[in-house]
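Subject: Structure handover

Hello,

Please find the structure below. My notes on it follow.

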Amino acid sequence: SQVAKLFKLVNKKNKKPSTYILRFWEKKFKQLKPTMLSGRRYYSYKNVEIIKMIIYLLKEEGLTINGAIKSMNSDVKELDDTKSSSIKAEYYKKKNKN
């Protein structure tokens, strides 16, 4: 729920974290793999950066889930050379401006 709160993924009516969104994204995006211990999900820094990129693609770029999946998968080789997903998000911004 902490990660959901961090990214303001909350239910507007009851103000509770919408963790189901993160679980849905885990099924759709192969890059997002939190560590599971005792039934709890633990998101690493890398996972948080991947979530940032997913939110950027969905909210800022207006892509659909399938479009975001294709976008993340199509540039895997180029993006794997970068160490941070923040850099990857900047890559997407520059790429889409050209």
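Start with F29, which touches I54, I65, A68, I69 and M72, leaving out residues up to four places away in sequence. Contact here means heavy atoms within 4.5 Å.

Before going on, two notes on the source. This is a predicted model, where local features need pLDDT of at least 70, side-chain atom pairs count only at pLDDT 80 or more, and totals for chains, interfaces and linings use all residues. Residues are numbered from 1 along each chain as its sequence is written, and side-chain values use heavy atoms, with hydrogens and water left out.

The core

F29 is also one of the residues that touch the most other members of the largest nonpolar core, along with L22, W25, L32, I51 and I54. That core has 21 residues. Four helices, α1 (2-6), α2 (19-28), α3 and α4 (65-74), each supply at least two of its residues. α3 gives the most, with nine. A nonpolar core is a set of buried Ala, Val, Leu, Ile, Met, Phe, Trp, Tyr and Cys residues joined through side-chain atoms within 4.5 Å. Buried means under 20% relative accessible area, exposed over 50%, and partly exposed in between (1.4 Å probe, protein chains only). Helices (H or I, at least four residues) and strands (E, at least two) are DSSP runs, numbered from the N terminus.

Helix α3

α3 covers residues 45-60, 16 in number. From first C-alpha to last it reaches 21 Å, close to the 22 Å expected at 1.5 Å a residue. The expected span is 1.5 Å times one less than the number of residues. Its buried residues are N47, V48, E49, I50, I51, M53, I54, I55, Y56, L57 and L58. G62 follows the helix, with a positive phi near 75°.

The loop between α1 and α2

F7 sits in this loop. F7 counts as buried because its relative accessible area is 18%. Outside its neighbours up to four places away in sequence, F7 touches V48, I51, K52 and I55. F7 and I51 are 44 residues apart along the chain, yet their C-alpha atoms are separated by 8.6 Å.

S18 is in the loop between α1 and α2 as well. At 5% relative accessibility, S18 is buried. S18 is in contact with A4, L9, V10 and N11, leaving aside neighbours within four places in sequence.

K15 is in the loop between α1 and α2 too, but K15 is exposed, at 63% relative accessibility. K15 is not a glycine, although its phi is positive, about 65°.

The loop between β1 (35-37) and β2

S38 lies here. Its phi is positive, near 55°, and S38 is a residue other than glycine. At 82% relative accessibility, S38 counts as exposed.

The largest pocket

Its volume is about 370 Å³. The lining is S1, Q2, V3, T19, L22, R23, G39, R40, R41, Y42 and Y43. α1, α2 and β2 (40-42) each supply at least two of these residues. By class, four are nonpolar, four polar and three charged. Ala, Val, Leu, Ile, Met, Phe, Trp, Tyr, Cys and Pro count as nonpolar, Asp, Glu, Lys and Arg as charged, and the others, Gly among them, as polar. On a 1 Å grid over the protein atoms alone, a pocket is an open set of points where a 1.4 Å probe fits, with protein on both sides within 12 Å along at least five of seven lines; lining residues have an atom within 4 Å of a point.

Best wishes

Conventions. Points joined across faces, edges and corners; volume = space filled by probe spheres on them.
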